[in-house]
Amino acid sequence: MEKQDISKLERQFQEKIDNEIKIEPKDWMPDAYRETLIRQISQHAHSEIVGQLPEGNWVTRAPNLRRKAVLLAKIQDEAGHGLYLYSAVETLGADREETIDDLHSGKAKYSSIFNYPSLTWADMGMIGWLVDGAAIMNQVPLCRCSYGPYARAMVRVCKEESFHQRQGFEIVTKLAQGTPEQKEMAQESLNRWWWPALMMFGPSDKDSKHTAQSMAWKIKRHTNDELRQMFVDVTVPQAELIGLKVPDNDLKFNEETGHYDFGEINWDEFWQVVKGYGPCNKERVEARKKAKEEGMWIREAANAYAEKRANRKKAS
Amino acid sequence: MTKQEALFEYLLRRADDTLILGHRLSEWCGHGPILEEDIALTNLALDLVGQATELYQYAAKVEDKGRDEDDLAFLRLEREYKNVLLVEQTNGDFGKTIVRQFLFDHFQILLYERLMESKDEQIAAIAAKSIKEVKYHLKHSSEWVIRLGDGTEESHNRVQESVTDLSRFIDELFYQDEVDELLIKEGVACDTSEFRSTYDANIKAVLDEATLSLPKEKWQLDGGRKGIHSEHLGYLLAELQYVQRTHPGMEW
Ligand SMILES: [Fe+2]
Ligand SMILES: [Fe+2]
Ligand SMILES: [Fe+2]
């Protein structure tokens, strides 16, 4: 294609974006837009799938029948989110299994939070309350993302995420209002999950290499630091309400700005986990690889059976 | 044995079957071999835990000693669990999990079809509600048995081994004793011997289509209904009961 044609297409594309018209799979789009979306949506899909692991770790030890059922339902939703997101990736011409192989090779990332271990029952509450809570902050604006299939998947996903956040907060509340032993369990868990939850919003704006372009394309609507601030502002009063202490000595409500000021994230820890050296990175990827490898013979069998059936149909 | 004692025991047997099988299925959560099947197995687990909850609630009411459904599910000793041995068997590979499910689903559907007619309204209601789920479970497990049996040579051999291995637990599904006799007379329970031949024919039809077969030898095991289990159950209960045993008497 001529250079001129491309710049015309690019102009039309950006006009659509500026006018809040959704980009659909068959529409022309710049390669970089496509690649950014493939990277972001597949990472999101991987996060849903890897995110099943720390919670799956407590399904067999859930303390009562109701909690067990709710936890199973929640994890099942997350796997469902993974499915819709992989379908959204495929509308961009990417192959689901190839993106999964990138996860297994370490090329593709997923949300770092899932590289922390779930050690106590309180962690099930903390994951729902903080991790799904942070996911909601990230995902609600994505419902208005410029790419149609992603935006529509997010509308569906966000409805379920708010149920996840509530069930988590309910678990934590029950513990915080329980025996001293239970309250201690909740506080100890908050101490471990608070900072990793803040890290879920990614590097600070000055170090975020993708933010400016993503905002121009209306894939992103807020910067990482804006979203992080929104999360802190919403979550700190919730902790106070149930009598838990957020583990940050610099945390203070700022009357002037109307926001909470909070301490500095340990960015060394952040980058260590992103680069693959967090407490559970290895275990998480190994578990997913093992599932895929052990699924090979099953996929082969299903394909072989489908083929036999098709042949029998033809023959008859 | 009074009718009340028999009914309590009968309900525990049904509830324990579904709880323990649901527990086993939930072990797959996040590790399923294919994403769609991860979701399907978790969904099965969810249905079975739901059925168990309703059965325990009713059992607790029948017993009338102040225990609730969670006390029954989480706070009994190993010898007091009355599930059949089949459901506590380890997951093995996906094929073994499917065969275990297949053998159980075909039994459960015939049982629930009859319990829908029970004179005990509560049992009839639970059966009527659960049977919709069981129909789906049965379709899912039967289709996979066929796919794997008639898939590749490897899948055929693997799943045939599971059929051979697990078939020794079939007879116990039909176990009956004085508990059943008393409740059959009352029109509460149904006589499982009456649908044994249907069960055999139903599973044979699927296995035939899957090019699989039951072994000729018929070694049969039982014990579960009297609380005599395989060594696997103790470990399962250690996990199931962990929080309740570590932090006794708390609300969650
Ligand atoms: Fe999700
Ligand atoms: Fe998400
Ligand atoms: Fe979620």
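**View 1. Glu48(A) between the iron ion (ligand 1) and the iron ion (ligand 2).** In this predicted model, Glu48(A) coordinates both the iron ion (ligand 1) and the iron ion (ligand 2), and these ions are 3.5 Å apart. Across the site of the iron ion (ligand 1), distant parts of the chain are linked by a pair of residues 83 apart, namely Glu78(A) in helix α4 (residues 65-90) of chain A and Glu161(A) in helix α7 of chain A.

**View 2. Protein donors of the iron ion (ligand 1).** The iron ion (ligand 1) takes its protein donors from Glu48(A) (OE), Glu78(A) (OE), His81(A) (ND1) and Glu161(A) (OE), at distances of 2.0 to 2.2 Å. Along the sequence these donor residues follow the spacing E-x29-E-x2-H-x79-E. Because the angles subtended by the 4 donor atoms run from 86 to 145°, the arrangement around the iron ion (ligand 1) is irregular; a tetrahedral assignment would require all angles to lie between 85 and 135 degrees. Glu78(A) counts as buried at 5% relative accessibility, and Glu161(A) is likewise buried, with a relative accessible area of 2%.

**View 3. Protein donors of the iron ion (ligand 3), and the bridge formed by Glu78(A).** Glu78(A) (OE), Asp132(A) (OD), Glu161(A) (OE) and His164(A) (ND1) are the protein donors of the iron ion (ligand 3), from which they lie 1.9 to 2.2 Å away. The spacing of these donors along the chain is E-x53-D-x28-E-x2-H, and the site is irregular, with angles of 88 to 162° among its 4 donor atoms. Glu78(A) also bridges this ion and the iron ion (ligand 1), the two lying 3.4 Å apart. Asp132(A) belongs to helix α6 (residues 122-139) of chain A whereas Glu161(A) belongs to helix α7 (residues 148-176) of chain A, so that the pair ties together parts 29 residues apart in sequence. Both Asp132(A) and Glu161(A) are buried.

**View 4. Surroundings of Asp16(B) in helix α1 of chain B.** Asp16(B) lies in helix α1, which spans residues 3-26 of chain B, and with a relative accessible area of 0% this residue is buried. A polar contact of 2.4 Å joins the side chain of Asp16(B) to the side chain of Tyr56(B). When neighbours within four places in sequence are left aside, the residues in contact with Asp16(B) are Tyr56(B), Arg76(B), Glu80(B), Tyr81(B), Lys82(B) and Asn83(B).

Conventions:
Residues are numbered from 1 along each chain as its sequence is written. Chains are lettered from A and ligands numbered from 1 in the order in which they are written. This is a predicted model: local features need pLDDT of at least 70, side-chain atom pairs count only at pLDDT 80 or more; totals for chains, interfaces and linings use all residues. Side-chain values use heavy atoms; hydrogens and water are left out. Donors are N, O and S atoms within 2.8 Å of the metal (3.2 Å for Na, K and Ca); water is not among the atoms, so sites may look incomplete. Four donors count as tetrahedral if all angles lie between 85 and 135 degrees; four count as square planar and six as octahedral if opposite donors are over 155 degrees apart and all others between 65 and 115; anything else is irregular. Helices (H or I, at least four residues) and strands (E, at least two) are DSSP runs, numbered from the N terminus. Buried means under 20% relative accessible area, exposed over 50%, partly exposed in between (1.4 Å probe, protein chains only). A polar contact is a pair of N or O atoms within 3.5 Å; within protein, one must be able to donate a hydrogen and the other to accept it, and residues adjacent in sequence count only if both atoms are side-chain atoms. Contact means heavy atoms within 4.5 Å.
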